[in-house]
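Open the model in your viewer and keep the selection tool handy. We will walk through it stop by stop.

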Amino acid sequence: YAHLAEHPAAQWSLCPTDLASLQFMDELYEEFLPCFSSPRVNIGCDETVDLGKQGGRSTAVVRQKGTGRVYLDFLLALHALLTEKFGKQVMCWGDVVLNHPELVPELPKDLIVLNWDYEAKPHYPQVEVFAQSGLPQIICPGTSAWNGVFPRLNNAWENVHHFARDGKAAGALGLLNTDWGDGGHYNLLGNSLYSYAHGADVSWAATPLLRPSFDTLLGPVLFGTLL
């Protein structure tokens, strides 16, 4: 499918100005969606870093309309396809449109935004950007376990704890705690259990545990009671 790539060198994103890209997605949806019972589907559409780069197939249209508009037009086409033909509710990652905040109000109000950010921060203002536009959102922090043998637990703790707090205050639908496999996932799955449990606590507890209490309770669960 290299002929559908936006950039011939990167071959990272589908070319959004090629109608064959939409036809390709239509064929994929026809093949895969019947295998799943969920009324929702995540179309991805994140990290389109090659869109608008020199040498890309959409360069001329991007110069005319802007990168954000070209991206949004393709996202809206996917949304229309999935809602009208397949009867699905669409979910997509929210990072790209945040780079073009003037376009956020044009997102369909039934679109669920998967609002991701994996860095430790005291606050996450992008939560309010989507909330003020009336868009349903799911907060997506991460375990910080990828691209390394051991997880970056301090970063993960702050990321999960504060992002969940801001999302809850803004009325987010829920939390999706992400754990990626960059570089072949050479980090052990067991190393992510700490952040899995933390994500569950901040999602379900009315008052999430502070870290010392969390560590005291989780330690015996993961490692057993010391004799």
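Helices and strands here are DSSP runs, numbered from the N terminus, with at least four residues for a helix and at least two for a strand. Keep in mind as you look around that this is a predicted model.

**The whole chain**

Start with a cartoon view of everything. The protein has eight helices and five strands, and from the N terminus the order is α-β-α-α-β-α-β-α-β-α-β-α-α. Its C-alpha atoms fill a box of roughly 65 × 40 × 35 Å along the principal axes. Of the 227 residues, 44% count as buried. Switch on the surface, and you are looking at about 12,200 Å² of accessible area, 60% of it from carbon and sulfur atoms.

**The nonpolar patch**

Next, select L189, L193, Y196, V221, L222 and F223. Together they make a nonpolar patch on the surface, with about 610 Å² of accessible area. Which helix gives the most to this patch? It is α8, with three residues. Color α7 (193-204) and α8 (211-223) to see that each supplies at least two of the patch residues. L189 sits in the loop between β5 (174-175) and α7, and this leucine counts as exposed because its relative accessibility is 56%, where exposed means over 50%.

**Helix α6**

Now select residues 153-169. This is helix α6, whose 17 residues reach 24 Å from the first C-alpha to the last, close to the 24 Å expected at 1.5 Å a residue. Its buried residues include W157, H161, H162 and F163. What covers them? Show β3 (112-116), α5 (126-132), β4 (137-140), β5, α7 and α8, which are among the elements covering the buried residues of α6. Just after the helix, click on G171, which has a positive phi of about 80 degrees.

On the other side of α6 in sequence, find P151, in the loop between β4 and α6. P151 is buried, at 18% relative accessible area. Leaving aside residues up to four places away in sequence, P151 touches T143, S144, A145 and N191. Draw a distance from the C-alpha of P151 to that of H162, eleven residues along the chain, and you should get 18 Å.

**Salt bridges**

Side chains of opposite charge can pair when their charged atoms come close. The structure holds seven salt bridges. Show D18 and R57 as sticks: their closest N and O atoms are 2.6 Å apart. D18 lies in the segment before α1 (19-32) and R57 in the loop between β1 (40-42) and α2 (59-65), so this pair ties together parts that are 39 residues apart in sequence. D18 is buried, at 18% relative accessible area, while R57 is partly exposed, at 40%.

Move on to R69, which forms a salt bridge with D73 at 4.0 Å, N to O. Both lie in helix α3 (residues 67-85), four residues apart, about one turn of the helix. R69 also meets E106 in a salt bridge at 2.8 Å. That pair links distant parts of the chain, with E106 in the loop between α4 (95-98) and β3, and R69 in α3, 37 residues apart.

**The cysteines**

For a last stop, how many disulfides does the whole structure hold? A search finds zero. Select C140, and you will find the nearest cysteine sulfur, that of C92, 11 Å away. C140 is buried, at 0% relative accessibility, whereas C35 is exposed, at 57%.

Methods. Residues are numbered from 1 along each chain as its sequence is written. This is a predicted model: local features need pLDDT of at least 70, side-chain atom pairs count only at pLDDT 80 or more; totals for chains, interfaces and linings use all residues. Side-chain values use heavy atoms; hydrogens and water are left out. A disulfide is a pair of cysteine sulfur atoms within 2.5 Å. Buried means under 20% relative accessible area, exposed over 50%, partly exposed in between (1.4 Å probe, protein chains only). Patches are made of residues with over 30% relative accessible area and no salt bridge: like charges are joined within 9 Å, nonpolar side chains (Val, Leu, Ile, Met, Phe, Trp, Tyr) within 5 Å. Accessible areas come from the Shrake-Rupley method with a 1.4 Å probe; for residues, only the protein chains shown count as cover. A salt bridge is a side-chain nitrogen of Lys or Arg within 4 Å of a carboxyl oxygen of Asp or Glu. The expected span of a helix is 1.5 Å times one less than its number of residues. Contact means heavy atoms within 4.5 Å.
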